[in-house]
Amino acid sequence: MEEKDVYRDTPVRYLGKLLINIYILYDLTLTLSRWLNNGIFDAGYTNEVGESFRPLIHVNWVRLSYIVACTYVLSDTISKTLLVNKLSFESDVVRRKKMLIAFSDTILWQSFASVIIPGCTINRLCASSLYILKKTTKLPKNTRKWITTGIGLASIPFIIKPIDRLVDYSMNNSFRKV
């Protein structure tokens, strides 16, 4: 019986590729995080833009906008957790605890403030706008879709601060009290 080469004839051969891909993803996440922290762009709002354009584009583009927004949430979470790791602490136990708190706080806050609540808000605003336009006007369907998209895009700057404050208030009175 021929002997198997563990590194060629078994799934172990994929381990190297997996580790390389994990490293590339980690490096891309850190690069994206640096861009975000330097104010180059704020990818956290891409899902709101995707939701605004939902009447005009294929749903897969909307899904992609959520993937970009979630990548932003993860990169910001990793960035803030790694910043805490750089601080000096009296022990590794305290360091790990502070890193866990930073990770949990950031991923919760960003998930609600950047993805979940704004996405639902714009989605419902656009859906109701499209419905109202359909029931109250005789505008062509394509025109109604463009107006709805404009309403969604125009509302984004007005919903950001109230949602941020709501999430801050909610977390300050729940998760952050623990």
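## Questions on a five-helix model

Modeller: The protein exposes about 12,200 Å², and carbon and sulfur atoms supply 66% of it. Accessible areas here come from the Shrake-Rupley method with a 1.4 Å probe; for residues, only the protein chains shown count as cover. This is a predicted model: local features need pLDDT of at least 70, side-chain atom pairs count only at pLDDT 80 or more, and totals for chains, interfaces and linings use all residues. Residues are numbered from 1 along each chain as its sequence is written, and side-chain values use heavy atoms, with hydrogens and water left out.

Colleague: How many helices does the protein have?

Modeller: Helices and strands are DSSP runs, numbered from the N terminus (helices: H or I, at least four residues; strands: E, at least two). From the N terminus on, the elements run α-α-α-α-α. There are 0 strands, and the number of helices is 5.

Colleague: What share of the residues is buried?

Modeller: Buried means under 20% relative accessible area, exposed over 50%, and partly exposed in between (1.4 Å probe, protein chains only). The protein has 178 residues, and the buried share is 30%.

Colleague: Among contacts between residues at least 6 apart in sequence, what share joins residues at least 24 apart?

Modeller: A contact needs heavy atoms within 4.5 Å. Take the contacts between residues at least 6 apart in sequence; the share joining residues at least 24 apart is 67%.

Colleague: How far apart are the end C-alpha atoms of helix 5?

Modeller: Helix 5 covers residues 141-172, which is 32 residues. The expected span is 1.5 Å times one less than the number of residues. That gives 46 Å, which agrees with the distance between the end C-alpha atoms, 44 Å.

Colleague: Where does helix 5 bend?

Modeller: The bend at a residue is the angle between axes fitted to the seven residues ending there and the seven starting there. In helix 5 it is about 40°. A proline, Pro157, follows within four residues of the bend, which is at Ile156.

Colleague: Is Pro157 buried or exposed?

Modeller: Pro157 sits in helix 5. Its C-alpha atom is 9.9 Å from that of Tyr45, 112 residues away along the chain. The relative accessible area of Pro157 is 56%, so Pro157 is exposed.

Colleague: What covers the buried residues of helix 5?

Modeller: The buried residues of helix 5 include Arg144, Gly152, Ile156, Ile160 and Asp164. Their cover includes helix 2 (46-53) and helix 4 (92-136).

Colleague: And what covers the buried residues of helix 2?

Modeller: In helix 2, the buried residues are Asn47, Glu48, Gly50, Glu51 and Ser52. The cover for them includes helix 3, helix 4 and helix 5.

Colleague: Which residues make a nonpolar surface patch with Trp61?

Modeller: Trp61 belongs to helix 3 (residues 59-86). At a relative accessible area of 55%, Trp61 is exposed. Patches are made of residues with over 30% relative accessible area and no salt bridge; like charges are joined within 9 Å, nonpolar side chains (Val, Leu, Ile, Met, Phe, Trp, Tyr) within 5 Å. This patch is about 450 Å², and Trp61 shares it with Ile57, Leu64, Ile67 and Val68.

Colleague: Which residue meets Arg95 in a salt bridge?

Modeller: A salt bridge puts a side-chain nitrogen of Lys or Arg within 4 Å of a carboxyl oxygen of Asp or Glu. Arg95 counts as buried, at 18% relative accessibility. The two partners both lie in helix 4, 3 residues apart, about one turn of the helix. The N to O distance is 3.8 Å, and the partner is Asp92.

Colleague: Which residues does Arg95 contact beyond its neighbours within four places in sequence?

Modeller: Arg95 lies in helix 4. With those neighbours set aside, the contacts of Arg95 are Val84, Asn85, Lys86, Leu87, Ser88 and Phe89.

Colleague: How close are the N and O atoms in the salt bridge between Arg176 and Asp105?

Modeller: Arg176 is partly exposed at 32% relative accessibility, whereas Asp105 is buried at 18%. The closest N and O atoms of Arg176 and Asp105 are apart by 2.6 Å. The pair links distant parts of the chain: Arg176 is in the segment after helix 5 and Asp105 in helix 4, 71 residues apart. To restate the distance asked for, it is 2.6 Å.

Colleague: Which residues are joined into one network by salt bridges that share partners?

Modeller: Asp168 also bridges to Arg176, with the closest N and O atoms 3.5 Å apart. Asp168 is partly exposed, at 29% relative accessibility. Through shared partners, the network joins Asp105, Asp168 and Arg176.

Colleague: How many salt bridges does the structure hold?

Modeller: Among them are Arg95 with Asp92 and Arg176 with Asp105. The number of salt bridges in the structure is 5.
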